[in-house]
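Reader: Please take a close look at a single part of this complex and then place that part in its wider setting. A formal, connected account would be welcome.

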Amino acid sequence: MAHKEALFKEIFEKNNKRVYHLCYGYTGDSDAADDLMQETFIKVWQNLDKFRNQSQISTWIYRIAVNTCLSHLRIEKRKATDEINDNIIETKAEETSNKQEQVDQLYKCIAQLEENERIIITMVLDEIPYQEIAEISGISEGNLRVKIHRIKNKLTEIYNRHERF
Amino acid sequence: MKDFNELKQLWHVQPENDGVSYRTILQTIKQTKNKYTTKLLSHVISIAIIILITSYIFITVPFYTWTTQLSMFIVLICLVYYLIIQVRDYRAINRSENLLDTPESYILYLQQYKQHRHHFNTQNYTIYTLCLSVALALYMIEMSFYVSRWVLIVFIVAAIAWFLLCYFILMKVYIRKESEKLEELIHKLKDLKSQFTD
């Protein structure tokens, strides 16, 4: 048990930042991201014995995180949250630094992408190798490169459109 | 105007999230496990007590007609079935092999799971209502030996009204609401699946 806890601590410290980014990018809400990250690591703990080194542990954790995000299907609440988020971000923006404001804006722009685009772009921004992203998302590497190119352009366009206003 | 590389630089200046620590997660794991076990245990104990009381009455009380015993037997079967479902659900919660599938297969699993649960819940609700109504109707035969005709009539009218209310209003509303929820979920899942199709 102590060994499992030590291993879990190590895994958590190495991966929690990226998993949080993925969850935040997917939900567009920091509280929901905290919940999803916690849910992901609970599942990691429950399945730790099943990890058989067939892939990198980070790939394995990301797969769990992606599937946990996908099962977050509260459609009606989601719509309501999106509206609330807009207000919260606008109010908070006055109080936070300019950089933080830009980061919030970036998350707001990611939230406007399709679900799989949100997942892929947060991994690209976190500099996960393309091969690993392909393995996590179950999309071939060739197809993924085309998708990433398109998503990068789409996100940049959305961000710049928001920045102008 | 910013290009993608500038957005990437911006991404890396975001502060660390201190919201959840590994200790909090370990604590939650232990609490959740205890919570589920306690909940399941309390359900099992309360249903077991009801089953015991019903069985005791079933065996010891001399009823006038066999229909009352049949009525109690139906209620007993419903209780045992509910108990089995509780235990099965608890086990299903702890099963998570599908989590390691590709997103496309996982979405397909979610779709099938939601459809199965919907079918199971709505069908069960219908069977449950029918069983209780039949049990109540059978018990009324026994009642006719004890109560006056007027009381019996009032009771029969009330029981029929309850049955009609359940069957034509409550059950239909419940099934319609569940179907709408399922439709919305399936639509969302289909949309997600198409996004992950290579």
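Author:
**Helix 6 of chain A and its setting**

Helix 6 of chain A is mostly covered, with nine of its 11 residues buried; a residue is buried if 20 or more other C-beta atoms, placed from the backbone, lie within 10 Å of its own. Helices here are DSSP runs of H or I of at least four residues, numbered from the N terminus. The buried residues of this helix are Asn116(A), Arg118(A), Ile119(A), Ile120(A), Ile121(A), Thr122(A), Met123(A), Val124(A) and Leu125(A). Just after helix 6 of chain A, Glu127(A) adopts a positive phi of about 60°.

The model is predicted: local features need pLDDT of at least 70, side-chain atom pairs count only at pLDDT 80 or more, and totals for chains, interfaces and linings use all residues. Residues are numbered from 1 along each chain as its sequence is written, while chains are lettered from A and ligands numbered from 1 in the order in which they are written.

One of the buried residues, Ile119(A), is touched by Cys69(A), which also touches Leu22(A), Cys23(A), Tyr26(A) and Leu36(A), not counting residues up to four places away in sequence. Such a contact requires C-beta atoms, placed from the backbone, within 7 Å. Cys69(A), together with Cys23(A) and Ala65(A), has the most contacts inside the largest nonpolar core, which has 52 residues. A core of this kind is a set of buried Ala, Val, Leu, Ile, Met, Phe, Trp, Tyr and Cys residues joined through C-beta atoms within 7 Å.

Helix 6 (115–125) also belongs to the interface, where 41 residues of chain A meet 35 residues of chain B: helices 1, 2, 3, 5, 6 and 8 of chain A each supply at least two residues of the side that touches chain B. The largest share of that side, nine residues, comes from helix 2 of chain A. By type, the side of chain A that touches chain B divides into 18 nonpolar, 13 polar and 10 charged residues; Ala, Val, Leu, Ile, Met, Phe, Trp, Tyr, Cys and Pro count as nonpolar, Asp, Glu, Lys and Arg as charged, and the others, Gly among them, as polar.

As for confidence, the predictor gives the complex an ipTM of 0.78 and a pTM of 0.74. The partner, chain B, has a mean pLDDT (the predictor's confidence in each residue, from 0 to 100) of 83, and 94% of its residues reach 70 or more.

Methods. Contact = placed C-beta atoms within 7 Å. Buried ≥ 20, exposed ≤ 12 C-beta atoms within 10 Å, placed from the backbone.
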